[in-house]
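Subject: Structure handover

Hello,

Here is the structure we talked about. Please load it first, then read the notes below.

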Amino acid sequence: MKRSLASTALALVLGFSALPLAAKTTPATSWDYLQPDRDQVIASLNVVELLKRHHYNKPPLNDERSIKIYDNYLKLLDPSRSYFMASDIAEFNQWRNQFDDLLKSGNLEPGFAIYRRHLTRLQERLDFALAELAKGVDKIDFSVDEDLQVDREKAPWAKDRAELDDLWRKRVKDEVLRLKIAGKETKDIQELLTKRYKNQLKRLKQTRGEDVFQAYINAFATTYDPHTTYLSPDNAENFDINMSLSLEGIGAVLQSDNEHVKVVRLVPAGPAEKSKQIAPADKIVGVAQGNDEMVDVIGWRLDEVVKLIRGPKGSTVRLEVIPASNPPTDQTSKVVTITREAVKLEEQAAKKKVLHLKQDGRDYKLGVIELPAFYLDFKAFRAGDPNYKSTTRDVKQLIDELRAEKVDGLVIDLRNNGGGSLQEATELTSLFIEQGPTVLVRNADGRVDVLADENKGIYYNGPLAVLVNRLSASASEIFAGAMQDYHRALILGGQTFGKGTVQTIQPLNHGELKLTLAKFYRVSGQSTQHQGVLPDIAYPDVMHTKDIGESALPAAMPWDSIRPAIKPELDPIKPFLTQLQSKHDQRTAQDPDFLFTRASIDLSKQLMAETTVSLNEAKRRAQQADIEAKQLKLENDRRVAKGEKPLAELAKEDEDALPVEDKGKPEDDAYLSESGHILIDYLSLNPSLAIH
């Protein structure tokens, strides 16, 4: 297919006639060297053809798609509407309905023209910021009452240069004020920001045509879905094909977030996760090798930051991180030192605990199996090693050990489990059902493949709960969905991640394309895409669906359903859900950890709803003090309720910790303990579930 597509593309390239541009719409600039080459034109035509024939949805490339490409490109280049002016947008609008025809004909010039203008405007803004800093940070008047609009996604484009200058004057002032409140000295602020803008200017002048091409083609490809992406030859060679690049060495998945790089999730048992100092939605603002000087990476591209973070096994990297728990006005950062290393399979292995609970005057023992990932030692498995490690084999052994301890029920803890082996998700499901389908995979041509448990018999048929959260993804969602659809377990916790699509990598004449070609469905016919798995009883989730998860990604494919693979059966759980929910509500109404989490979420929502910040130092410091006082009160209310000593001030390590997580004994993990109580409630309401 690749050869025929390339030859077709070449024929089109030789024959297309470019649309007339508005007689040199932009004056000659230093960016005129950025022009599309022949390989890029052929690659763009290959991408058009592959998406047309093989993408799961096969949406048409028409005027409607053209508008999406245009809007996507503008958002990619100027997400905060801080560079382009209204006059630029008026000029670009001539192509708004034409990108479909331009891409079909291989005409890349308008995409390059918009990018060149973006570089011109970006250079102007960086020069302006440096000129403002050159006046002296100590000369800025922070007693003036003025605000900066920080949420500019839907702000009108600046009408002229004077309006942009005023915006950028305020932006520089805000950056200085944030660093000042974070405790930086005036001299250090001047030096840091000057170096930041000069470095951005230096890197700007190193822009290559490949950077332009990758940005433009991705603006096109990601209108289909966020996981359909193009990577240039360099990036295709060095990195996993994904907008959120998997980092070798520290065990984190990152994505771009305007001018920052944001942590999406941590690999279980990876160096970052084991540090206990990095969390999803944290922003990385600096990177240093070992004891070298910290490199400020605000405004850098994702792939550039990844190159800095990656390194040889055993070496150390220092990351300067702004915690997600900070309020929007707080730029206080911390430095985390991580030793790069490969994630060891045994560290991701399933582990067991015994949860001791007292309820209704009786003592209960519940088995807990913590599952960080769905793993399979493929090498040992293929070599015929009878002792190969796998999720299902390990869980079976743990179930046997817990049976020997005479537990009253079982909780499978899938929190933060990002997935892994699809085969293991199916095999694990087979331990808890009699027999039948486990997951459906629908291809672009409409064909549905069914993965199934072919072995008769249930390995464990006792009371079962599955605990999930927003970072339970992929294989975790398949397993949890099957347990819910077969009415085999109570699903507790938070809405799961919602990634229910399958991608494949297609090499091109120039770079590679990763495109979505299939979708996962539960045996009930429901997709895991976008919506994920909804728990039977939901807990407050400290991770916002707006920030983390499939639904947080632009152009995410929607939830839908197909024909079920199993016949609907009487749900033994449904009749008791109202009572279970009521008992849960009563129990957690005064629970210190649940109260803390709910109040923290409410406070966070209030802070995130603010779209402007004051540039008056006294007001800003008062706001910061008020926020910190509220956070300290929440923490101390929790501590006092638990009989612990209150804090005089909120140390960062306490602020960043999640009170519901395990801090030692399983009984201290509020969410795990409550899951046990709910399972006991269910066992009490439905005694037939008891293990015999």
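For packing, contact here means heavy atoms within 4.5 Å. The model is a predicted one.

Helix H17

With that cut-off, the buried residues of H17 pack against two strands, E15 (490-493) and E18 (537-538), and two helices, H18 (592-608) and H21 (670-685). Those buried residues are Phe576, Leu580, His584 and Thr588. The spacing fits the general pattern: an α-helix has 3.6 residues a turn, so residues three or four places apart point the same way. H17 itself covers residues 574-588, 15 in number. From first C-alpha to last, H17 reaches 21 Å, close to the expected 21 Å.

His227 and Glu550

Look next at a pair of loop residues. His227 is in the loop between helix H9 (209-221) and strand E2 (229-231). Glu550 is in the loop between E18 and H17. Their side chains are joined by a polar contact of 3.0 Å.

Is His227 buried or exposed? His227 is buried, because its relative accessible area is 6%, and buried means under 20%. Beyond its neighbours within four places in sequence, His227 is in contact with residues including Lys499, Thr501, Lys514 and Leu553.

Glu550 is buried too, yet has no salt bridge. Which side chain of opposite charge is nearest to Glu550? That is Lys499, 6.2 Å away. A salt bridge needs a side-chain nitrogen of Lys or Arg within 4 Å of a carboxyl oxygen. Glu550 also has a polar contact of 3.1 Å with the side chain of Gln529. Outside its neighbours within four places in sequence, the contacts of Glu550 include Pro226, Arg470, Phe497, His530 and Ala556.

Positive phi

Two residues to check for backbone geometry. Arg81 has phi near 50°, a positive value in a residue other than glycine. Arg81 sits in the loop between helix H3 (63-77) and helix H4 (86-92). Its relative accessible area is 23%, so Arg81 is partly exposed.

Lys406 is not a glycine either, and its phi is positive at about 60°. The loop holding Lys406 runs between helix H14 (391-404) and strand E11 (409-413). Lys406 is exposed, because its relative accessible area is 66%, and exposed means over 50%.

Best wishes

How values were computed:
Residues are numbered from 1 along each chain as its sequence is written. This is a predicted model: local features need pLDDT of at least 70, side-chain atom pairs count only at pLDDT 80 or more; totals for chains, interfaces and linings use all residues. Side-chain values use heavy atoms; hydrogens and water are left out. Helices (H or I, at least four residues) and strands (E, at least two) are DSSP runs, numbered from the N terminus. The expected span of a helix is 1.5 Å times one less than its number of residues. Buried means under 20% relative accessible area, exposed over 50%, partly exposed in between (1.4 Å probe, protein chains only). A polar contact is a pair of N or O atoms within 3.5 Å; within protein, one must be able to donate a hydrogen and the other to accept it, and residues adjacent in sequence count only if both atoms are side-chain atoms. Lys and Arg count as positive and Asp and Glu as negative; His and the chain ends are not counted.
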